[in-house]
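Me: I'm new to reading structures, and I'd like to understand the reasoning behind the words people use. Could we go through this one together?

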Amino acid sequence: MSFADDVRKLLRENIRDYGMFIALFLIILFFTLATDGLFISPRNLVNLVNQTGYIAVLAVGMTLVIVIRHIDLSVGFLAGFLGAVAAIAMEQYGLPVIVVIPLVLFLGILAGRLTSFMVADLGIPAFVATLAGWLGYRGALQLVTRSTGTIIITNQAFNDIGNGFIPEIPYASIMPEFQKSTLIIGLIGIVIFVSSQINNRARLKRQNGEISSTGMFILKLLAGSILIGGIAWILAGDRGLSWTAVVVLIVAIFYHFMTTRTVLGRHIYAVGGNPEAAELSGISVKRITHVVFGSMGMLAALAGILFASRLQSATTTAGTLFELDAIAAAFVGGVSAAGGVGTVIGSLVGALVMASLTNGMNLMGIDISYQFIVRAIVLAGAVIFDVTTRRSIT
Amino acid sequence: MNQTSNNEFVVEMCSIKKSFGAVQALRGVDVELRHNEVLGLVGDNAAGKSTLMKVLSGAYIPDEGDILIEGKKVSFANPMDARRQGIEMVYQDYALANNLDVAGNVFMGREVVRIKLGPLGVLDYPYMEEETQNLIQRLNIKIASVRQKVERLSGGQRQAVAIARATAFDAKVIIMDEPTAALSVAAIDQVLELVQELKAQGSSIIIISHRLEDIYRVSDRMIVLRQGRKVSDTPVEGDIHEFRERVVAYMIGARDDFAEELVAE
């Protein structure tokens, strides 16, 4: 088989997996050309990542919620409300950041467990239960900010989460024009990527599974490495990796690992695929529902922290429509509304696609009304693509 | 319990009674299953076959009666209890997660971990995939790869996976609820061959089926239930037409081997 045939075969068989990455690449390429490179400038990339951060974190949690056939509409205002709680705790009660962040994350878990109590224990449809949450947290947000209006956050450490960058390695004097710590993280990323790919391939080979040709494999390794290395290079040439990017990376790595490699992840997908079968196999659907909504609540709290930190304030309307952006990101990223299907990485790329569209069109000065229409077309198109490719396989 | 019953029977169910409100679904049923025997369980709708098997698999708790596994009295609070005692049930609708691969389904709820961390235990994929591969080879099931998602398999293959899953963990008894319903003719053959293969390898099996020709083909013995009672318990023999006529006579109530017990009550 020639190399070109190999590429074609690989694309055809994995179009669903690679489709989104290709779409993201094309979007980046288009905006880079349309804005004379402004889109891919370090300053804008940092901006893009920091803008995507809180939606990306929500999209990760939402992925699992949709995988187990539920939905969570309450997370937008929950994020806004918990951001305000963090601001009040710091500004009015003078609590230190190190206490406030765990406290707010814990409150997020509690809120998620309240939702799962209604959904799993009382049997209320998640749409209704979380719509109630949407109303309730909106009210709660207005209530706590009523006397003060927007609460300005003066704590520097807190504000750095949404605006700051990782520190440079002390006394590193070589290559002064680059931030070495970011380069090193990029290098570690490449090493992890390459070694996990090689491990995976070796395992497949041992079990006589189908593997792509060596040429194709090397191409894949190169493409991935160049992508990771290139982003690290661009960021290192500016101010380095932002703390928001670090937070998103940690969330992404943890959730990717949890969903693909652990018993819990396997049980979540089993419940999504066939709840009755999962229950008969001794998996507690209730417990999984509690865990998934609890994690969603915690990630909503994290999103609230990221957003409040980025704005350096808690506003009276923080979190408005975040939940729908997160749901859209998940669906663009290949999550199926029927349950059981969808990946953390897919939803992250979905969030990045949607944020890139907004960011790129803003740079081009496109009218906001057209922006909504373009995003509508991308959302519908992504899901139509997903549904039709799935049908052609089965 | 004496030694002989310990050796002869893998399962004994003694005068099992179960009511749902005013409806007596089971009115004192006795069933024995010998080691390495295939037992067919037939009866009209609402005769109590499924209820009886749900009692045995722990889904229902009987109102009265005893269950003995290899001579030892047991009681099940839920299906997991029964499974721990070696009772495996293959459900009519396969009970598979279509989004998972074959290995994932075989080990669903019983995942093997490489690193123990409670719910965050790290799955041992190589072990589970290898074991699944051995299993489907041993049972002669034709599936391209254990990494294939179940949604891509045919009906017969899915049923085979469901059965393989039940046999994966040294089950003492495998109960199959209508294993050939909703399958094509070729797939039915595939499943029946699998049942014969399991018997050849020493399994003890109970099959519920509406299809008398399937029962005839694979069973050693057959029990007919009617209105919550056992009305026949005979070896499967004779030619198929004679067999069918006999079974139907029991099912519709024209014959009843245990009528005197009813009178005695």
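Reply: Happy to! This is a predicted model, and a good place to start is confidence: chain B has a mean pLDDT of 88, with 95% of its residues at 70 or more.

Me: How do you know which part of chain B has the lowest confidence and which the highest?

Reply: Compare the means, on a scale from 0 to 100. Helix 1 (residues 3-8) of chain B is lowest at 54, while helix 4 (residues 102-106) of chain B is highest at 95. Over residues 1-5 of chain B, pLDDT stays under 50, and the model has 5 contacts beyond four places in sequence for them.

Me: What is chain B built from, and why is it called as compact as a globular protein of its length?

Reply: Chain B holds 10 helices and 12 strands. Its radius of gyration is 19 Å, and the globule rule gives 18 Å for 265 residues; the two values are close, so chain B counts as compact as a globular protein of that length.

Me: What makes a residue of chain B count as buried, and what percentage of them do?

Reply: The cut-off is 20 or more other C-beta atoms within 10 Å of the residue's own. In chain B, 43% of the 265 residues count as buried.

Me: And chain A: what are its domains, and how far apart are their centres?

Reply: Domain 1 covers 3-164 + 263-393, and domain 2 covers 172-241. Their centres, taken over C-alpha atoms, are separated by 26 Å. The two domains of chain A do touch, with 8 residues from domain 1 and 9 residues from domain 2 in the contact.

Definitions and conventions:
Residues numbered from 1 in each chain as written. Chains lettered and ligands numbered in written order. Predicted model: local features only at pLDDT ≥ 70, side-chain atom pairs only at ≥ 80, totals over all residues. pLDDT = per-residue confidence, 0-100. Helix = DSSP H or I, 4+ residues; strand = E, 2+ residues; numbered from the N terminus. Contact = placed C-beta atoms within 7 Å. Domains from an automatic or database assignment. Rg over C-alpha atoms; globule rule 2.2 N^0.38 Å. Buried ≥ 20, exposed ≤ 12 C-beta atoms within 10 Å, placed from the backbone.
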